[in-house]
Amino acid sequence: MAIKERKTLQALRGMVDILPEEQGYWRYVREATVSVCEGYGYGQIDTPILEDYSLFSRGVGEVTDIVEKEMYTITDKGGDTIALRPEATAAVCRAYLEHGLHNKPQPVRLYSVGMPMFRYARPQAGRLRQFHQINVEAIGDADATIDAEVVALCWQLFRKLGLKGLSLQLNSIGDPKCRPGYVEALRSYYSQQEGRLCRECKSRLERNPLRLLDCKVPGCQPLIEGAPRSADYLCEECQAHFQALTRYLGLMEVPFTREHRLVRGLDYYTRTVFEVQTSEEGQQNALGGGGRYDGLIEELGGRPTPGVGFAVGMERVILNLKRQGIEPPASPGTRVFVAYVGQEAKAQAVGLVSRLVRSGVSAMLGPAGKSLKAQLRQAGSMGVPYVLILGDQELEKGVVVLRDMTRREQREVGLEEVIEQIR
Ligand code: AMP
C-alpha cells in the first residue's frame, strides 16, 4: 500500500469540490431532470457506489477501456473484488433483476440524477475521474416507440435547460444476427489498410473492430470516412426498427441526423445508438448518449430482456450552461443578519437566530469579537435585506434595532414582535 505524504493535502487529481457558489447550477440541472423525467412517468432510483467487480466486467465488457484501464477496483477487507461504479446502466439492470421488477408492468421506467461515477483516465477539461451523471433507462420493451421516447426525453432535457446549438446523432449498429457480418466487413476493410492505422487502431482491429470508427487521431479519419457503413448490413428487422424510430422522432418533432460513424464506446449496445453533441471541436463535445442494450440483462444472469437508455454528464452540461451564459435562478440567500455588542447581547442574539430559523426565516449570527461597524460591513457585503442589532440599551428596553438594508432605514421593534415584522 502506497501512502503519499504531502505537505498540503489536496483533493485527488480529477476529483473536485463543488462549492456553495456552484450549487445553483447543480440544483438547476437536477430540478430540470426531475421535472422532465417525472413528466414522462419515470421513477427515481439510486444505486450504491460500490458494486461487485464482475457486474461491470460482465455488463460493460471485459475488453473496454472502462473495465480494462479505467475502473477503480478494490479488494475489500473480506477479500472480495469490488469496484467503484464507472457507469449506471449495469447497476440499474442488476437492481431490476434483484427486486423482481420484471413482475411489474413493462417497460419499467427509471432515472437517476447526480450519481457519482469513477473512471481513472487522464483528467482534462470536461473529463474528470469522479463525475456525475443523469441516467435514464426503460427496461422490458423492445418496441421502437420506447427508443423514440428515450431519445425524445433526452432532447427535451436539453431544451428545458435552455442549451442551444446542440445536435442529435443517431445510428443503428444492428443486432447479434446482422452485426457479425458488418464487423467482418469492417475487419476486412481495415486489414487491407493496416499500414496506415495508428497504434491504438491496430489493437482495435484485433480486439474490437467497431471501435475503429471511434478513433479521434487525424490520420485515421480518411479511413473512417471510407469505411463500410452499418446501415448497409442491417437485417430486415433492424432496418424496420430503425425506420420506425425515425418516423416516431419526426412525429415527436425531435431533430436528428444519421451519423454512420456513431458506434458508442460500450459493448452492450444493440440496434439504436445516439449521442447529443455541442458544436465545439474535440473529444469532450459529447454531452450525453446511449442506446438499446437488449443483451445486457441476459449477460447479468436474467432472462432475455430488452432495454434502452442514456447517460448525460452533469459537469459537461454545467460547463456549457456557463459558456452560453445561462444562469440558474438565484437562491434566496440569508434574510437576516443578527449583529450584537456585548456578552449578554451575544447570548440573546444566539437565541434570536435560532427562533428566526425555526419560524422559517433564514438568519445568521454576526461574528464574535468584531465591532458593530465591521459586522454591518459584513452584512452589507452579503447582501442581506435585514440586520437586527442587539446591545445593552436594547436589552434593557426589551427591543431590537431592525435595519432595512435596502431602504437604509432603521427603527426599534419589540423583541417579541420582530419575527412577525420580518416575515
Ligand atoms: P458514457 O457513459 O461514456 O457514455 O458517458 C456519458 C456521458 O457522461 C458523456 O457524454 C459525458 O458527458 C459524461 N462523461 C463520461 N466520462 C466522463 C468523464 N471522465 N468526466 C466527465 N464527464 C464524463
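**Exercise 1. In what order do the eight strands of the open sheet stand, and which pairing do they show?**

Solution. Keep in mind that this is a predicted model.
- Step 1: Read across the sheet. The order is β1-β5-β6-β11-β10-β9-β7-β8.
- Step 2: Name the pairing. It is mixed.
- Step 3: Find the edges. They are β1 (43-44) and β8 (257-258), and each pairs on one side only.

**Exercise 2. Describe how strand β6 pairs with strand β11, then place the helix that lies across β6.**

Solution.
- Step 1: Locate the strands. β6 covers residues 130-139, and β11 covers residues 307-313.
- Step 2: Give the sense of pairing. The two strands are antiparallel, with seven bridges between them.
- Step 3: Pick out one facing pair. V136 stands opposite F310 in β11.
- Step 4: Add the helix. Helix α4 (residues 89-98) lies across β5 (108-118) and β6. Its direction makes an angle of about 45° with β6.

**Exercise 3. Work out how helix α1 and helix α11 are arranged, and which residues make the contact.**

Solution.
- Step 1: Locate the helices. α1 spans residues 23-39, and α11 spans residues 314-323.
- Step 2: Take the distance and the angle. The axes come within 10 Å and cross at roughly 110°.
- Step 3: Classify the angle. Angles of 65 to 115 degrees count as roughly perpendicular, so α1 is roughly perpendicular to α11.
- Step 4: Give the hand. The crossing of α1 and α11 is right-handed.
- Step 5: List the contact. α1 supplies Y25, W26, Y28 and V29. α11 supplies M314, E315, V317, I318, L321 and K322.
- Step 6: Sort the residues by class. The contact of α1 with α11 has eight nonpolar, no polar and two charged residues.

**Exercise 4. Do the same for helix α5 and helix α9: what are their angle and axis distance?**

Solution.
- Step 1: Locate the helices. α5 runs over residues 144-161, and α9 over residues 236-251.
- Step 2: Take the values. The helices pack at about 45°, and their axes are 8 Å apart.
- Step 3: Classify the angle. α5 and α9 are therefore oblique to each other.
- Step 4: Give the hand. α5 passes α9 in a right-handed crossing.
- Step 5: List the contact. From α5 come A144, T145, D147, A148, V151 and A152. From α9 come H241, A244, L245, Y248 and L249.
- Step 6: Sort by class. The contact of α5 with α9 has eight nonpolar, two polar and one charged residues.

**Exercise 5. Which residues belong to domain 1 and which to domain 2?**

Solution.
- Step 1: Take domain 1. It consists of 20-178 + 234-323.
- Step 2: Take domain 2. It covers 336-422.
- Step 3: Give the separation. The C-alpha centres of domain 1 and domain 2 lie 50 Å apart.

**Exercise 6. Build the five-stranded open sheet and add the helices α12 and α13 that lie across its strands.**

Solution.
- Step 1: Order the strands. They run β13-β12-β14-β15-β16, with mixed pairing.
- Step 2: Mark the edges. β13 (363-365) and β16 (409-414) each have a single partner strand, so one side of each is left without a neighbour in the sheet.
- Step 3: Add the twist. It averages 25° from one strand to the next.
- Step 4: Examine one pair. β14 (residues 386-390) and β15 (residues 399-404) are antiparallel over four bridges. Y386 has D404 in β15 as its bridge partner.
- Step 5: Lay on helix α12 (residues 343-358). It lies across β12 (336-340), β13 and β14, at about 170° to β12.
- Step 6: Lay on helix α13 (residues 372-382). It lies across β12, β13, β14 and β15, and runs at about 170° to β12.

Note on methods:
Residues are numbered from 1 along each chain as its sequence is written. This is a predicted model: local features need pLDDT of at least 70, side-chain atom pairs count only at pLDDT 80 or more; totals for chains, interfaces and linings use all residues. Side-chain values use heavy atoms; hydrogens and water are left out. Axes are lines fitted to C-alpha atoms, for helices over the stretch in contact, and angles run from 0 to 180 degrees between N-to-C directions. Angles under 35 degrees count as roughly parallel, over 145 as roughly antiparallel, 65 to 115 as roughly perpendicular and the rest as oblique. A crossing is left-handed if the near helix is turned anticlockwise from the far one by less than a right angle, and right-handed if clockwise. Contact means heavy atoms within 4.5 Å. Ala, Val, Leu, Ile, Met, Phe, Trp, Tyr, Cys and Pro count as nonpolar, Asp, Glu, Lys and Arg as charged, and the others, Gly among them, as polar. Two strands pair if DSSP finds at least two bridges between them. Domain bounds come from an automatic or database domain assignment.
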